[in-house]
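Me: I'd like to take a close look at one part of this model, a single strand and everything that it leads to. Could you walk me through it in one go?

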Amino acid sequence: MTTLLIAEHSNSKLSEQTAKALTAALALGAPVDILVAGHEAGAAAQAASQLAGIRKVLLADDVSLAHQLAEPLVATVLALADGYDAIVAPATAVGKTVAPRVAALLDVSQVSEVIEVLAPDTFKRPIYAGNAIQTVKTGQARNVLTIRTASFRPATAGGSAPVETVAAAADPGISRHVGSQVSESARPELTAARVVVSGGRALGSAEKFSEVILPLADRLGAAVGASRAAVDAGYAPNDWQVGQTGKIVAPDLYVAIGISGAIQHIAGMKDARCIVAINKDGDAPIFQVADYGLVGDLFEILPELTAALPAASEKAAG
Amino acid sequence: MKIIVAVKRVVDFNVKVRVKSDGTGVETANVKMSMNPFDEIAVEEALRLREAGVATEVIAVSIGPAQAQETIRTAIAMGADRGILVRTDTAVEPLAVAKVLSALVAEEQPGLVILGKQAIDDDAGQVGQMLSALVGWPVATFASKLVVADGKAEVTREVDGGLQTVEVKLPAVVTTDLRLNQPRYATLPNIMKAKSKRLDDRPLADLGVDAAARLTVLKTEEPPRRKGGIKVGSVAELVEKLRDEAGVL
């Protein structure tokens, strides 16, 4: 029994999602190898080699893997698949695209968005936007899993596994990267942040969203999220969307501002340790999941709240 | 060029699902059913490609019980040319759905298959990618923009850090994200007309596909409930609670 974990990374950096998915992979009870497939991805491979508990890192470094497009990446994973009984990926945009292709070519039924490993062949996963939890047992010799990283703590560092170079498979040549618009931000990554401040439709405009949400987020050293309504209305970019079909987050503190609390949004944040809701409508469903609710005009409350909080930088210094 | 769109009959997105007390699944009897919202977006995108002269025919396909005919009729009422129901009364896993679709792809030879990125019932998000693998085509998931020209599709994808644009050779599989388009409503005259359009009803067994379940659902349960919290009266009280009671500041 051996497990292959497909790393989430940006070539120069290993994503924390990899460390979280590793915790799930290790729970399968078999030795784990991590595949870092990218271009000039030595730094990500080095970072992966320091995760505790793994057997080795496989580095497939080729220009065709620079953007981790599904077609070349799947070809590389398949070339390695024979040696593994489980292939695991974090449920990120890359993982969600790659894993089912691998599963189909191995003739395996995939288990998506695993939130708990009960046994090497038995898993819990959410369905219906997290309104029900299934326990699934696979009767297969080999398993392909994606991991909902918000449900797992990151594996610790402190290891020193060897990094082994493996060949990238030939690029099938049916897809090409044209360009990327990556949001540059000094804020923490949404899925890894300790605090998330999210805004909803009640903000009313992109300008107001920036004006009141961002200062509070900066004050708290928080990542910024948004409801689907706010993203659809153009107040916030798509990669900020929290919910069933957006990002799933589980921070220590989640502040929902002007968000009514559709079940699809709650699906994305209900595992936060502490939820604060600020909304004009005291009957909004968001208050049913909030630990602390404050009813009132967010445009009055937010500046007051921002001013009342210690700055994140001061706190770090103190 | 033909386009196949896959449509799934699911519990309507506005329904709060209830887990059956015996743990065997969620209650779907007497519950409003609708087309999976992402599949509506897939249908709309296919129709726009036909209206732009890129596609010649849009075929709506569903795999499920006889009632899934209604879902296909909805797609036809929106504007799809015809439908195929692959009928089965047992639940089929995404891998089996992908195999059924690959059999239909072999028959129909479409240039493009468009599917929702996930169904809002099982939230698996697998079928499009699996289909693409089985037929050896490229896949562009989470599409927020699709341009088809010169035997290629340029697809803008919603990825974790923002947007990514890829070019895939046709034939290809595309899965839709929320912001690809705003699906049209079926008008009453079109709903009436849809009843007379061709809809092939074929038993799953006739396709010669291995649709046996590989997974066993041992139980389905309610998620742990969050305890209802309290309402605070002021910003000062909120900050105090967060600092002293919750310990998150």
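How many bridges join strand 8 of chain B to strand 9 of chain B?

Reply: Happy to. This is a predicted model, in which local features need pLDDT of at least 70 and side-chain atom pairs count only at pLDDT 80 or more, while totals for chains, interfaces and linings use all residues. Residues are numbered from 1 along each chain as its sequence is written, with chains lettered from A and ligands numbered from 1 in the order in which they are written.

Eight bridges join strand 8 of chain B to strand 9 of chain B, and the two run antiparallel. Strands here are DSSP runs of E with at least two residues, helices are runs of H or I with at least four, and both are numbered from the N terminus; two strands pair if DSSP finds at least two bridges between them. The link from strand 8 to strand 9 of chain B is a hairpin through two residues. Within this pair, Ala153(B) stands opposite Val168(B).

Now for the other partner of strand 9 of chain B. Strand 11 of chain A, residues 175-182, is joined to strand 9 of chain B by seven bridges, again in an antiparallel arrangement. Val168(B) turns up here too, standing opposite Ser175(A). Further along, His177(A) has Val166(B) as its bridge partner, and Ser180(A) is matched with Gln164(B).

Stepping back, these strands belong to an open sheet of 10 strands with mixed pairing, in the order 11(A)-9(B)-8(B)-7(B)-10(B)-6(B)-1(B)-4(B)-5(B)-11(B). Its edges are strand 11 of chain A and strand 11 of chain B (199-203), each of which pairs on one side only. From one strand to the next, the twist averages 25 degrees; angles run from 0 to 180 degrees between N-to-C directions, and axes are lines fitted to C-alpha atoms, for helices over the stretch in contact.

Helices of chain B lie against this sheet. Helix 1 of chain B (37-51) lies across strand 1 (2-6), strand 4 (57-64), strand 6 (112-116), strand 7 and strand 10 (172-176) of chain B, and runs at about 150 degrees to strand 6 of chain B. Helix 4 of chain B packs on the sheet as well, where it touches strands 1, 6, 7 and 10 of chain B and makes about 65 degrees with the direction of strand 7 of chain B.

Strand 9 also matters for the tally of the chain contact. There, 65 residues come from chain B and 69 residues from chain A, two residues being in contact if their C-beta atoms, placed from the backbone, lie within 7 Å. On the chain B side, the elements that each supply at least two residues include helix 3 (94-108), helix 4 (127-135), strand 7 (139-149), strand 8 (152-159), strand 9 (162-169) and helix 6 (235-245). The largest share of that side, eight residues, comes from strand 9 of chain B. By class, the chain B side has 32 nonpolar, 15 polar and 18 charged residues (nonpolar: Ala, Val, Leu, Ile, Met, Phe, Trp, Tyr, Cys and Pro; charged: Asp, Glu, Lys and Arg; polar: the others, Gly among them).

Two of those contributors, helix 3 and helix 4 of chain B, pack on one another with their axes 8 Å apart, at an angle of about 50 degrees. They are therefore oblique to each other (under 35 degrees is roughly parallel, over 145 roughly antiparallel, 65 to 115 roughly perpendicular and the rest oblique). From helix 3 of chain B, the residues that meet helix 4 of chain B include Leu95(B), Ala98(B), Leu101(B) and Val105(B), and their counterparts in helix 4 include Val127(B), Met130(B) and Leu134(B). This contact has 11 nonpolar, one polar and one charged residues.

Finally, a helix pair in chain A. Helix 3 (70-81) and helix 4 (93-105) of chain A have axes that come within 9 Å and cross at roughly 50 degrees, so these two helices are oblique to each other. Among the residues of helix 3 of chain A in this contact are Leu73(A), Val77(A) and Ala81(A), while those from helix 4 of chain A include Val98(A), Val102(A) and Leu105(A). Here the residues divide into nine nonpolar, one polar and one charged.
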